[in-house]
Amino acid sequence: MAELIPAERIKIKRHEMPNQDEHLRSCNFEEVALGYSPETAVAEAERCLQCKDPKCVKGCPVGVLIPQFIKALREGDMAKAVEWMKVKNNLPAICGRVCPQESQCEGNCILGKKGEPVAIGRLERFVGDYELSHRTCPLTKAPRTGKKIAVVGSGPAGLACAVDLGREGHAVTIFESLHGPGGVLIYGIPEFRLPKSVVSGEVNYAVECLGIEIKTDHVIGRSFTLDELLNDFDAVFLGTGAGLPSFMRIPGINLNGVMSANEFLTRVNLMKAYQFPNYDTPVKLGRKVAVIGAGNVAMDAARCSRRLLSLEARRSDGTPGEAHIVYRRSKDEVPARAEEVQHAAEEGVIFNFLTNPIEILGDDKRTVRALRCVRMELGEPDSSGRRKPVEIKGSEFDMEIDTVIMALGTSPNPVVFVDADGLERTKYGTAVADNETGRTMKKQVWAGGDVVTGAATVISAMGAGKRAAADIHKFLRGDAAWE
């Protein structure tokens with residue numbers, strides 16, 4: 001095929017991702033996005049302009065070498081595409097599915113200035129899935145250094161840090177509080193967005209290649225304190241995430257049928273509630289569910305609810321119940337990815353915008369029966385830059401609801417700070433750490449990801465883990481003293 005000139009590449013339309021039919025997927029937990037075929041992936045790769053100053057790379061928190069892997073892909077050299085990808089990203093099949101590319105790499109794509117950006121995330125997923133199937137680029141390990149590092153948490157930040165340090169020849173031990181590795185990738189993100197086989201495939205391969213040890217069922221702050229870890233390890237990285245949920249301070253918050261999105265998603269994903277009765281761990285939702293919030297976690301909770309209600313209706317030969325998103329601002333202010341909002345709407349999730357709960361009403365058994373709300377209107381912008389919602393006087397109304405799920409953000413679990421003298425926290429409960437190096441105020445302890453920033457994205461947590469790994473390596477080599 002003749003080489004296309006830039007003007008010709010601009011004219012090529014972006015290739016859509018094939019998705020599972022919206023009517024079918026609302027009744028199952030199978031992956032929604034089906035992935036590009038080899039022909040479609042190459043055709044999409046042809047759109048890349050191969051810019052001399054690639055803005056897309058600057059938009060990626062881990063600096064994936066995007067032009068290089070795309071060029072190799074379109075030339076049919078998949079082994080080289082994987083090799084270029086893994087220079088910076090060891091978990092491409094995961095990142096290609098869950099990263100908000102539209103605001104990062106694709107948001108900076110030059111092609112997007114005059115048309116639609118290259119579908120970088122979809123190509124990243126294609127390359128990642130190819131590597132999961134073919135294993136063309138095993139991770140290599142430097143000679144052993146004799147240094148030992150403890151990584152607390154096996155979510156995105158912990159995994160990224162552990163893999164980079166393992167590749168440098170250090171002995172890495174991951175301490176995970178749950179019974180298996182993956183963190184939020186396992187308990188937080190539903191199967192239909194991120195299949196658990198993809199997570200386990202990526203994690204297990206990296207661990208096997210590098211000889212990383214994983215100790216599950218270890219809660220740091222309970223099983224061991226940080227000081228006890230430092231007696232046995234040369235450095236400690238904290239990647240414990242932000243698993244402590246936030247709740248509204250309104251009457252009725254303690255009624256039966258009120259839960260956090262964290263609890264709900266953990267029960268659905270980790271405890272396999274979606275596979276009831278094969279797994280005897282059902283989640284009782286009733287007929288109508290209200291999810292409070294409109295971020296990605298809220299979309300996950302609402303979409304899971306919609307599926308569970310549909311599956312229950314099938315078992316009982318009834319009509320599926322309703323899953324609602326209740327959000328105090330308008331559709332334009334929704335913080336969730338546009339793709340997730342679109343998928344939720346297609347699957348039958350009902351959106352209640354400019355609506356704010358003020359009380360949860362219960363019956364004589366202290367079980368949720370309704371959600372009392374008020375209508376809102378948008379006023380002047382607040383500190384976040386979004387227009388501030390203002391209550392409309394006299395607009396109270398009740399929504400008949402059986403289950404209320406709070407998806408209002410999370411903060412770090414304070415248990416890791418137990419008996420951790422010198423490890424400072426902000427007023428928000430996050431660890432105080434340097435943004436570039438991950439160094440905390442406690443000597444030889446680094447931190448990164450949601451435990452530092454609060455709830456954020458998978459790729460930003462990975463970026464923090466990688467930056468901390470680089471500084472830990474320098475410190476252990478004696479190239480960067482602790483100041």
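Let me begin with helix H8, where Ile120, Gly121, Arg122, Leu123, Glu124, Arg125, Phe126, Val127, Gly128 and Glu131 are all buried. Please keep in mind, as we go on, that what you see above is a predicted model.

Staying with H8, we can ask how the span of the helix agrees with its number of residues. H8 has 15 residues, and at 1.5 Å a residue these should span 21 Å, which agrees with the end C-alpha atoms, since they are 21 Å apart. Just after the helix comes Arg135, which takes a positive phi of about 50 degrees, and the charged end of this residue brings us to a ring, because Arg135 lies over the face of Tyr205, at 3.6 Å from the ring centre.

H8 also leads us to a pocket, the second largest one, which has a volume of about 570 Å³. For those new to this, rolling a probe the size of a water molecule over the atoms shows where empty space is left. Which helices each supply at least two residues of the lining of this pocket? They are helix H7, covering 92-98, helix H8, covering 120-134, and helix H15, covering 338-346, and it is H15 that gives the most, with six residues. The lining holds 25 residues, and those nearest the centre of the pocket are Met17, Arg122, Arg337, Glu339 and His343; you will remember Arg122 as one of the buried residues of H8. Divided by kind, the lining has 14 charged residues, six polar and five nonpolar.

Let me turn now to the aromatic rings, of which the structure holds six pairs. A pair of aromatic rings is described by the distance of the centres and the angle of the planes. For Phe175 and Phe224, the centres are 6.1 Å apart and the planes stand at 75 degrees, so this pair is edge-to-face. Phe175 belongs to strand S2, residues 171-175, while Phe224 lies in the loop between strand S3 (213-215) and helix H12 (226-232), so the pair ties together parts that are 49 residues apart in sequence.

Are these two residues buried or partly exposed? Phe175 counts as buried, because its relative accessibility is 3%, whereas Phe224, with a relative accessible area of 33%, is partly exposed.

Finally, Phe29, Phe192 and Tyr274 form one aromatic cluster, and Phe192 has a further neighbour to point out, for the charged end of Arg307 sits over the ring of Phe192, 3.8 Å from its centre.

Definitions and conventions: Residues numbered from 1 in each chain as written. Predicted model: local features only at pLDDT ≥ 70, side-chain atom pairs only at ≥ 80, totals over all residues. Heavy atoms only, no water. 1 Å grid on protein atoms, 1.4 Å probe; cavity = no way out; pocket = protein on both sides within 12 Å on 5 of 7 lines; lining within 4 Å. Points joined across faces, edges and corners; volume = space filled by probe spheres on them. Helix = DSSP H or I, 4+ residues; strand = E, 2+ residues; numbered from the N terminus. Nonpolar A, V, L, I, M, F, W, Y, C, P; charged D, E, K, R; others polar. Phe/Tyr/Trp six-rings, centres within 6.5 Å; stacked < 30°, edge-to-face > 60°. Buried < 20%, exposed > 50% of the residue type's maximum accessible area, 1.4 Å probe, protein only. Lys NZ or Arg CZ within 6 Å of the ring centre and 35° of its normal. Expected span 1.5 Å × (residues − 1).
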